[in-house]
Amino acid sequence: MENNGSFNSPTKGQVTAEAMITDISGFVDEEPASFYRLVIGTDSQERRVNGTSEVDFVTAVIIHRMGKGARYFWKKAKKNGYKPVLRDKIYSETLMSLDCAQAIVPAIRKLISPAKYDLEIHIDVGPLGPTREMIREVVGMVNGNGFTAKTKPDSWGASKVADKHT
């Protein structure tokens with residue numbers, strides 16, 4: 001899977017993970033009395049390129065100032081020659097969100113008190129579609145890693161923000 005580790009910002013272009021964390025901290029420092037939600041979600045899209053299957057995975061990191069706007073960052077990873085079944089795709093998305101959280105949350109906690117924000121992992125599964133049987137499994141994965149999971153219709157970090165860049 002290719003991925004250079006950097007993130008993209010709609011306003012700042014390509015940034016390192018460290019620069020993203022600094023920007024998130026600065027956003028919180030602008031209005032320290034506000035409460036925030038830190039959201040991490042991944043979505044994927046399969047395509048055929050020259051007869052070969054490839055899947056783009058996009059992980060979004062969103063800092064949401066409750067009721068007063070947000071900033072987001074995203075990064076893309078590509079898997080070539082990979083034709084996933086739905087279960088593999090959802091597991092891969094969830095694991096990528098967890099990997100991202102485990103990589104950035106310790107640094108964020110050094111700059112921003114955990115009392116100032118809720119941390120949510122958004123999973124692109126819901127009660128109405130073909131993913132409904134997987135909800136307990138992937139929510140259990142996220143909760144087992146010490147994070148709060150959100151599913152559709154509340155998983156907009158994956159189903160809207162990350163999806164926008166797949």
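User: Which residues of helix 2 are buried?

Analyst: This is a predicted model in which local features need pLDDT of at least 70, side-chain atom pairs count only at pLDDT 80 or more, and totals for chains, interfaces and linings use all residues. Residues are numbered from 1 along each chain as its sequence is written, and side-chain values use heavy atoms, with hydrogens and water left out. Buried denotes under 20% relative accessible area, exposed over 50% and partly exposed in between, for a 1.4 Å probe and protein chains only. In helix 2, a DSSP run (H or I, at least four residues; strands are E, at least two) numbered from the N terminus, the buried residues are Ile90, Ser92, Glu93, Thr94, Met96, Ser97, Leu98, Cys100, Ala101, Ile104, Val105 and Ile108.

User: Is Glu93 buried or exposed?

Analyst: Glu93 lies in helix 2. Contact means heavy atoms within 4.5 Å; leaving aside neighbours within four places in sequence, Glu93 is in contact with Thr42, Asp43, Ser44, Phe57 and Asp124. Because its relative accessibility is 2%, Glu93 counts as buried.

User: Where in helix 2 does the kink lie?

Analyst: The bend at a residue is the angle between axes fitted to the seven residues ending there and the seven starting there. The kink is about 35 degrees and comes shortly before the proline Pro106, at Ile104.

User: Which residue stands opposite Leu119 in strand 6?

Analyst: Two strands pair if DSSP finds at least two bridges between them. Strand 3 (residues 36-49) runs parallel to strand 6, joined by six bridges. The residue opposite Leu119 is Leu38.
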